[in-house]
Amino acid sequence: MKAKPRRNSGKSTLADVAKMTGVSTMTVSRALREPDKVSPQVRDKIEAAINELGYVPNLAASNLASSTSRLITMIVPALNTPGCAPFSQALHQSLKPKGYNVILAEDHYTSASESRLVEMMLSYNPAAMVMFDFDCSEDCNNLLLKTTLPVVQVGGVMISPIGVNIGINYGLAIKQLINALALKGYQNIGLLCGAHEHHVVQQILSGWHSAMLSLNQSPHRIVSSSLPPDIDSGQSLLPEILLTWPELDLLICTSDELACGAIAACHKKGISVPAQLAITGLGDSNMAQICSPALTTVAIPYKQMGSLTGKYILDVLEGKEMAENLTLPTQLMMRGSTLR
(Lines give C-alpha, C1' and ligand atoms only; values in the text may rest on other atoms or scores of the structure.)
Protein backbone atom coordinates (compact mmCIF):
# COMPACT_ATOMS: atom_id res chain seq x y z
CA MET A 1 0.00 0.00 0.00
CA LYS A 2 1.36 3.39 -0.97
CA ALA A 3 2.22 5.76 1.86
CA LYS A 4 -0.04 8.75 2.00
CA PRO A 5 1.89 11.82 0.79
CA ARG A 6 2.64 14.38 3.46
CA ARG A 7 0.51 17.47 3.24
CA ASN A 8 2.58 20.55 2.40
CA SER A 9 2.23 23.03 5.23
CA GLY A 10 3.82 25.80 3.18
CA LYS A 11 6.63 26.10 5.73
CA SER A 12 10.27 25.26 5.07
CA THR A 13 11.74 22.37 7.03
CA LEU A 14 15.15 21.41 8.35
CA ALA A 15 15.41 18.96 5.44
CA ASP A 16 14.83 21.80 2.95
CA VAL A 17 17.72 23.75 4.44
CA ALA A 18 19.95 20.65 4.35
CA LYS A 19 19.08 19.97 0.70
CA MET A 20 19.83 23.55 -0.38
CA THR A 21 23.20 23.61 1.40
CA GLY A 22 24.21 20.06 0.46
CA VAL A 23 24.78 18.91 4.05
CA SER A 24 22.96 16.52 6.35
CA THR A 25 20.03 17.55 8.53
CA MET A 26 22.21 16.68 11.53
CA THR A 27 24.76 19.27 10.44
CA VAL A 28 22.05 21.91 10.07
CA SER A 29 20.69 21.03 13.51
CA ARG A 30 24.19 21.21 15.02
CA ALA A 31 24.82 24.60 13.39
CA LEU A 32 21.66 25.94 15.04
CA ARG A 33 22.30 24.41 18.46
CA GLU A 34 26.12 24.41 18.69
CA PRO A 35 27.49 26.76 16.00
CA ASP A 36 31.03 26.60 17.40
CA LYS A 37 31.14 22.92 16.32
CA VAL A 38 30.47 23.74 12.65
CA SER A 39 32.98 25.43 10.33
CA PRO A 40 32.36 29.12 9.54
CA GLN A 41 32.00 28.33 5.81
CA VAL A 42 29.25 25.78 6.44
CA ARG A 43 27.54 28.06 8.96
CA ASP A 44 27.46 30.87 6.38
CA LYS A 45 25.89 28.55 3.76
CA ILE A 46 23.29 27.33 6.25
CA GLU A 47 22.47 30.87 7.37
CA ALA A 48 22.05 31.98 3.77
CA ALA A 49 19.70 29.06 3.07
CA ILE A 50 17.67 29.77 6.20
CA ASN A 51 17.26 33.40 5.14
CA GLU A 52 16.27 32.45 1.58
CA LEU A 53 13.79 29.77 2.63
CA GLY A 54 12.42 31.66 5.60
CA TYR A 55 12.99 28.63 7.82
CA VAL A 56 12.01 29.18 11.48
CA PRO A 57 13.59 26.66 13.90
CA ASN A 58 11.22 25.15 16.46
CA LEU A 59 13.35 25.99 19.48
CA ALA A 60 10.83 24.72 22.00
CA ALA A 61 10.61 21.30 20.34
CA SER A 62 14.37 20.96 19.86
CA ASN A 63 15.03 21.94 23.48
CA LEU A 64 12.54 19.38 24.77
CA ALA A 65 14.07 16.70 22.57
CA SER A 66 17.58 17.48 23.77
CA SER A 67 19.11 17.10 27.19
CA THR A 68 21.09 20.29 26.56
CA SER A 69 18.97 23.38 25.94
CA ARG A 70 20.45 26.29 24.00
CA LEU A 71 17.75 28.72 25.05
CA ILE A 72 17.89 31.36 27.78
CA THR A 73 14.59 32.91 28.87
CA MET A 74 14.41 36.49 30.14
CA ILE A 75 11.43 38.08 31.87
CA VAL A 76 10.96 41.85 32.20
CA PRO A 77 8.12 44.09 33.43
CA ALA A 78 7.98 45.66 29.95
CA LEU A 79 10.25 45.88 26.94
CA ASN A 80 10.63 49.63 27.54
CA THR A 81 11.69 49.06 31.17
CA PRO A 82 14.59 51.46 31.84
CA GLY A 83 17.87 49.71 31.04
CA CYS A 84 16.27 46.69 29.37
CA ALA A 85 17.70 47.41 25.89
CA PRO A 86 21.39 47.84 26.83
CA PHE A 87 21.20 44.95 29.31
CA SER A 88 19.65 42.49 26.86
CA GLN A 89 22.06 43.53 24.11
CA ALA A 90 25.09 42.86 26.33
CA LEU A 91 23.57 39.56 27.51
CA HIS A 92 22.99 38.46 23.91
CA GLN A 93 26.57 39.41 22.93
CA SER A 94 27.91 37.25 25.78
CA LEU A 95 25.79 34.19 25.01
CA LYS A 96 25.49 34.16 21.20
CA PRO A 97 29.11 33.07 20.48
CA LYS A 98 28.43 29.94 22.56
CA GLY A 99 25.30 29.12 20.58
CA TYR A 100 22.71 30.33 23.09
CA ASN A 101 19.66 32.36 22.12
CA VAL A 102 17.67 34.65 24.40
CA ILE A 103 13.88 34.90 24.33
CA LEU A 104 12.17 37.81 26.13
CA ALA A 105 8.74 37.99 27.72
CA GLU A 106 7.00 40.88 29.51
CA ASP A 107 4.20 41.02 32.05
CA HIS A 108 3.32 44.72 31.49
CA TYR A 109 3.63 45.41 35.23
CA THR A 110 0.63 43.14 35.88
CA SER A 111 1.54 41.00 38.88
CA ALA A 112 -1.61 38.87 38.50
CA SER A 113 -0.08 37.07 35.50
CA GLU A 114 3.41 36.51 36.92
CA SER A 115 3.05 32.80 37.69
CA ARG A 116 1.49 32.00 34.31
CA LEU A 117 4.30 33.84 32.55
CA VAL A 118 6.98 31.96 34.50
CA GLU A 119 5.21 28.66 33.80
CA MET A 120 5.11 29.45 30.09
CA MET A 121 8.82 30.30 30.00
CA LEU A 122 9.68 27.12 31.91
CA SER A 123 7.75 25.10 29.31
CA TYR A 124 10.49 25.99 26.79
CA ASN A 125 12.90 23.90 28.88
CA PRO A 126 15.46 26.74 29.05
CA ALA A 127 19.07 26.30 30.12
CA ALA A 128 18.72 29.29 32.47
CA MET A 129 16.32 32.09 33.34
CA VAL A 130 17.03 35.79 33.78
CA MET A 131 14.69 38.16 35.61
CA PHE A 132 15.40 41.80 34.85
CA ASP A 133 13.81 44.27 37.30
CA PHE A 134 11.10 41.65 37.71
CA ASP A 135 9.14 41.28 40.94
CA CYS A 136 8.83 37.58 41.63
CA SER A 137 5.82 36.56 43.72
CA GLU A 138 5.83 33.72 46.23
CA ASP A 139 4.12 31.47 43.68
CA CYS A 140 6.87 32.27 41.16
CA ASN A 141 9.55 31.54 43.76
CA ASN A 142 7.98 28.16 44.51
CA LEU A 143 7.86 27.28 40.82
CA LEU A 144 11.53 28.10 40.34
CA LEU A 145 12.69 26.44 43.53
CA LYS A 146 11.26 23.14 42.27
CA THR A 147 13.64 23.23 39.30
CA THR A 148 17.43 22.97 39.12
CA LEU A 149 17.42 25.87 36.68
CA PRO A 150 20.13 28.55 37.10
CA VAL A 151 18.29 31.79 37.86
CA VAL A 152 19.77 35.30 37.77
CA GLN A 153 17.79 38.16 39.30
CA VAL A 154 18.99 41.52 38.03
CA GLY A 155 18.00 44.93 39.37
CA GLY A 156 18.00 46.05 42.97
CA VAL A 157 19.99 44.28 45.67
CA MET A 158 18.19 41.29 47.22
CA ILE A 159 18.77 39.71 50.61
CA SER A 160 17.56 36.24 49.63
CA PRO A 161 17.52 35.82 45.82
CA ILE A 162 16.31 32.60 44.24
CA GLY A 163 19.62 32.14 42.45
CA VAL A 164 22.25 34.84 42.00
CA ASN A 165 21.51 38.55 42.34
CA ILE A 166 23.36 41.07 40.16
CA GLY A 167 22.27 44.60 40.91
CA ILE A 168 22.84 47.97 42.50
CA ASN A 169 21.85 49.55 45.78
CA TYR A 170 19.16 51.96 44.58
CA GLY A 171 18.64 53.32 48.08
CA LEU A 172 22.29 54.32 48.36
CA ALA A 173 22.31 55.73 44.82
CA ILE A 174 19.36 58.07 45.44
CA LYS A 175 20.82 59.10 48.80
CA GLN A 176 24.11 60.12 47.17
CA LEU A 177 22.19 62.09 44.53
CA ILE A 178 20.16 63.97 47.14
CA ASN A 179 23.18 64.76 49.30
CA ALA A 180 25.18 66.08 46.33
CA LEU A 181 22.36 68.41 45.24
CA ALA A 182 21.60 69.56 48.79
CA LEU A 183 25.20 70.79 48.94
CA LYS A 184 24.40 72.95 45.90
CA GLY A 185 21.70 74.74 47.88
CA TYR A 186 18.51 72.94 46.88
CA GLN A 187 16.09 72.95 49.81
CA ASN A 188 12.60 72.16 48.54
CA ILE A 189 12.99 68.72 47.06
CA GLY A 190 10.25 66.47 45.65
CA LEU A 191 10.16 62.90 44.37
CA LEU A 192 8.22 61.61 41.35
CA CYS A 193 7.67 57.83 41.15
CA GLY A 194 6.26 55.54 38.51
CA ALA A 195 5.43 51.85 39.04
CA HIS A 196 5.51 52.57 42.77
CA GLU A 197 4.82 48.97 43.84
CA HIS A 198 7.97 47.71 42.14
CA HIS A 199 10.80 46.49 44.42
CA VAL A 200 13.31 48.92 42.86
CA VAL A 201 11.05 51.89 43.61
CA GLN A 202 10.59 50.63 47.16
CA GLN A 203 14.38 50.70 47.57
CA ILE A 204 14.46 54.22 46.15
CA LEU A 205 11.77 55.32 48.61
CA SER A 206 13.76 53.86 51.50
CA GLY A 207 16.86 55.79 50.41
CA TRP A 208 14.77 58.92 49.88
CA HIS A 209 13.37 58.88 53.41
CA SER A 210 16.79 58.20 54.91
CA ALA A 211 18.46 61.02 52.96
CA MET A 212 15.75 63.60 53.63
CA LEU A 213 15.62 62.87 57.37
CA SER A 214 19.41 63.08 57.61
CA LEU A 215 19.16 66.58 56.08
CA ASN A 216 16.41 67.53 58.59
CA GLN A 217 13.96 67.88 55.73
CA SER A 218 10.48 66.46 55.46
CA PRO A 219 10.23 63.47 53.08
CA HIS A 220 6.50 64.01 52.40
CA ARG A 221 6.81 65.72 48.98
CA ILE A 222 6.14 62.60 46.94
CA VAL A 223 3.81 61.79 44.07
CA SER A 224 3.80 58.08 43.35
CA SER A 225 1.79 56.31 40.71
CA SER A 226 1.23 52.83 39.32
CA LEU A 227 1.79 54.29 35.84
CA PRO A 228 4.91 52.96 34.06
CA PRO A 229 8.05 55.09 34.49
CA ASP A 230 7.98 56.56 30.98
CA ILE A 231 7.85 59.95 29.25
CA ASP A 232 4.05 60.10 29.10
CA SER A 233 3.83 59.48 32.84
CA GLY A 234 6.36 62.22 33.54
CA GLN A 235 4.35 64.70 31.49
CA SER A 236 1.05 63.81 33.16
CA LEU A 237 2.35 63.69 36.74
CA LEU A 238 4.36 66.95 36.78
CA PRO A 239 1.29 69.24 37.13
CA GLU A 240 0.07 67.17 40.07
CA ILE A 241 3.24 67.52 42.12
CA LEU A 242 3.61 71.25 41.34
CA LEU A 243 -0.03 71.89 42.24
CA THR A 244 0.52 70.31 45.66
CA TRP A 245 3.99 71.77 46.29
CA PRO A 246 4.55 74.87 44.12
CA GLU A 247 7.62 75.76 46.22
CA LEU A 248 9.69 72.90 44.75
CA ASP A 249 13.12 73.88 43.45
CA LEU A 250 14.31 70.32 42.73
CA LEU A 251 12.39 67.32 41.40
CA ILE A 252 13.96 63.86 41.54
CA CYS A 253 12.43 61.27 39.18
CA THR A 254 12.82 57.53 39.53
CA SER A 255 13.83 57.11 35.87
CA ASP A 256 15.36 59.21 33.09
CA GLU A 257 12.20 58.67 31.06
CA LEU A 258 10.02 60.18 33.79
CA ALA A 259 12.45 63.09 34.11
CA CYS A 260 12.48 63.82 30.37
CA GLY A 261 8.68 63.79 30.38
CA ALA A 262 8.70 66.24 33.30
CA ILE A 263 11.13 68.52 31.44
CA ALA A 264 8.88 68.44 28.37
CA ALA A 265 5.91 69.41 30.57
CA CYS A 266 7.94 72.29 32.02
CA HIS A 267 8.71 73.58 28.53
CA LYS A 268 4.98 73.55 27.68
CA LYS A 269 4.13 75.44 30.86
CA GLY A 270 6.91 78.00 30.42
CA ILE A 271 8.80 76.77 33.50
CA SER A 272 12.53 77.30 33.12
CA VAL A 273 14.74 74.26 33.84
CA PRO A 274 16.83 74.57 35.99
CA ALA A 275 16.33 78.26 36.86
CA GLN A 276 12.84 77.69 38.30
CA LEU A 277 12.86 73.92 38.75
CA ALA A 278 15.84 71.59 38.60
CA ILE A 279 15.12 68.01 37.51
CA THR A 280 17.09 64.77 37.82
CA GLY A 281 16.62 61.19 36.65
CA LEU A 282 18.02 57.76 37.26
CA GLY A 283 19.74 55.43 34.80
CA ASP A 284 21.86 57.62 32.45
CA SER A 285 20.03 56.49 29.33
CA ASN A 286 20.82 57.91 25.89
CA MET A 287 17.99 60.42 26.21
CA ALA A 288 19.56 61.85 29.38
CA GLN A 289 22.35 63.32 27.26
CA ILE A 290 20.23 64.58 24.35
CA CYS A 291 17.27 66.12 26.17
CA SER A 292 17.37 69.89 26.72
CA PRO A 293 18.85 70.72 29.11
CA ALA A 294 20.98 67.60 29.47
CA LEU A 295 19.81 65.57 32.45
CA THR A 296 21.59 65.15 35.76
CA THR A 297 21.24 61.47 36.60
CA VAL A 298 22.80 58.43 38.23
CA ALA A 299 24.59 56.13 35.78
CA ILE A 300 23.56 52.50 36.24
CA PRO A 301 25.90 49.94 34.56
CA TYR A 302 23.25 48.04 32.60
CA LYS A 303 25.72 46.80 29.97
CA GLN A 304 28.08 45.50 32.65
CA MET A 305 25.13 43.76 34.32
CA GLY A 306 24.30 42.05 31.02
CA SER A 307 27.87 40.89 30.43
CA LEU A 308 28.23 39.59 33.99
CA THR A 309 24.90 37.78 33.76
CA GLY A 310 26.00 36.07 30.55
CA LYS A 311 29.34 35.09 32.08
CA TYR A 312 27.65 33.66 35.17
CA ILE A 313 25.25 31.58 33.08
CA LEU A 314 28.04 30.19 30.91
CA ASP A 315 30.17 29.38 33.97
CA VAL A 316 27.33 27.48 35.64
CA LEU A 317 26.41 25.58 32.47
CA GLU A 318 30.06 24.60 31.99
CA GLY A 319 30.20 23.22 35.53
CA LYS A 320 32.37 25.94 37.00
CA GLU A 321 32.03 27.20 40.55
CA MET A 322 28.99 29.40 41.08
CA ALA A 323 29.60 33.11 41.52
CA GLU A 324 28.55 35.13 44.54
CA ASN A 325 25.94 37.89 44.48
CA LEU A 326 27.28 41.09 42.95
CA THR A 327 26.47 44.68 43.89
CA LEU A 328 27.83 47.13 41.31
CA PRO A 329 28.71 50.79 41.91
CA THR A 330 26.86 53.74 40.36
CA GLN A 331 28.13 57.13 39.24
CA LEU A 332 26.58 60.57 39.61
CA MET A 333 26.41 62.47 36.29
CA MET A 334 25.98 66.23 36.86
CA ARG A 335 24.53 68.03 33.83
CA GLY A 336 22.62 71.13 32.83
CA SER A 337 19.25 70.24 34.35
CA THR A 338 20.59 71.08 37.85
CA LEU A 339 23.31 73.63 37.07
CA ARG A 340 22.09 77.17 37.68
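**Figure 1. Strand β3 is covered on both of its faces.** On one side of β3 lie Ala 128, Val 130 and Phe 132, on the other Met 129 and Met 131, and all of them are buried. The model shown is a predicted one. Counted by residue, 5 of the 5 residues of β3 are buried. In a regular strand, side chains alternate between the two faces of the sheet.

**Figure 2. Strand β3 pairs with β1 in the parallel sense.** Strand β1 covers residues 71–76 and strand β3 covers residues 128–132. The two are joined by 4 bridges. Where do the residues of β1 meet those of β3? Thr 73 has Met 129 as its bridge partner in β3, and Ile 72 stands opposite Ala 128. Strands of a sheet pair through backbone hydrogen bonds, and the pairing can be parallel or antiparallel.

**Figure 3. Strand β3 also pairs with β4.** Strand β4 comprises residues 151–156, runs parallel to β3 and shares 4 bridges with it. Val 154 of β4 is the bridge partner of Phe 132. Phe 132 is buried, on the side of β3 that also holds Ala 128 and Val 130.

**Figure 4. Six strands form an open sheet.** The order of the 6 strands is β2-β1-β3-β4-β5-β11, and the pairing is parallel. Which strands form the edges? They are β2, residues 101–106, and β11, residues 326–327, each of which pairs on one side only. In the chain as a whole there are 13 helices and 12 strands.

**Figure 5. The largest nonpolar core of the chain has 47 residues.** Phe 87, Ile 252 and Met 305 have the most contacts inside this core. Helix α9, residues 199–214, supplies the largest share, 7 residues. Another core of 24 residues lies apart from it, and includes Cys 260, Ile 271, Leu 277 and Leu 295. Over the whole chain of 340 residues, 48% count as buried.

**Figure 6. Met 305 touches residues from several parts of the sequence.** Residues up to four places away in sequence are not counted here. The residues touched are Phe 87, Val 154, Gly 155, Ile 166, Gly 167, Ile 168, Ile 300 and Leu 328. Two of these names appear in other views: Phe 87 is listed with Met 305 among the residues with the most contacts inside the largest core, and Val 154 is the bridge partner of Phe 132. For the chain, among contacts with a separation of 6 or more, 69% are between residues 24 or more positions apart.

**Figure 7. Gly 99 sits in the loop between α5 and β2.** Helix α5 spans residues 84–95. Is Gly 99 buried or exposed? Its relative accessible area is 4%, so Gly 99 is buried, the limit being under 20%. Gly 99 and Leu 314 are 215 residues apart in sequence, yet their C-alpha atoms are 11 Å apart in space.

**Figure 8. Asp 133 and Asn 216 each have a positive phi.** Most residues other than glycine have a negative phi. Phi of Asp 133 is near 50°, and that of Asn 216 is about 60°. Both residues lie in loops: Asp 133 between β3 and α7 (138–145), Asn 216 between α9 and β7 (222–224). Their surroundings can be read from the relative accessible area. Asp 133 has a value of 7% and is therefore buried, whereas Asn 216 has a value of 75% and is therefore exposed.

**Figure 9. Two peptide bonds that lead into proline are cis.** Most peptide bonds are trans. The bond from Val 273 to Pro 274 is cis, with omega near 10°. Pro 274 belongs to the loop between α11 (256–269) and β9 (278–280). The bond from Ser 292 to Pro 293 is also cis, with omega near -5°. Pro 293 belongs to the loop between α12 (286–290) and β10 (297–299).

Conventions: Residues numbered from 1 in each chain as written. Predicted model: local features only at pLDDT ≥ 70, side-chain atom pairs only at ≥ 80, totals over all residues. Heavy atoms only, no water. Buried < 20%, exposed > 50% of the residue type's maximum accessible area, 1.4 Å probe, protein only. Contact = heavy atoms within 4.5 Å. Pairing = 2+ DSSP bridges. Core = buried A, V, L, I, M, F, W, Y, C linked by side-chain atoms within 4.5 Å.
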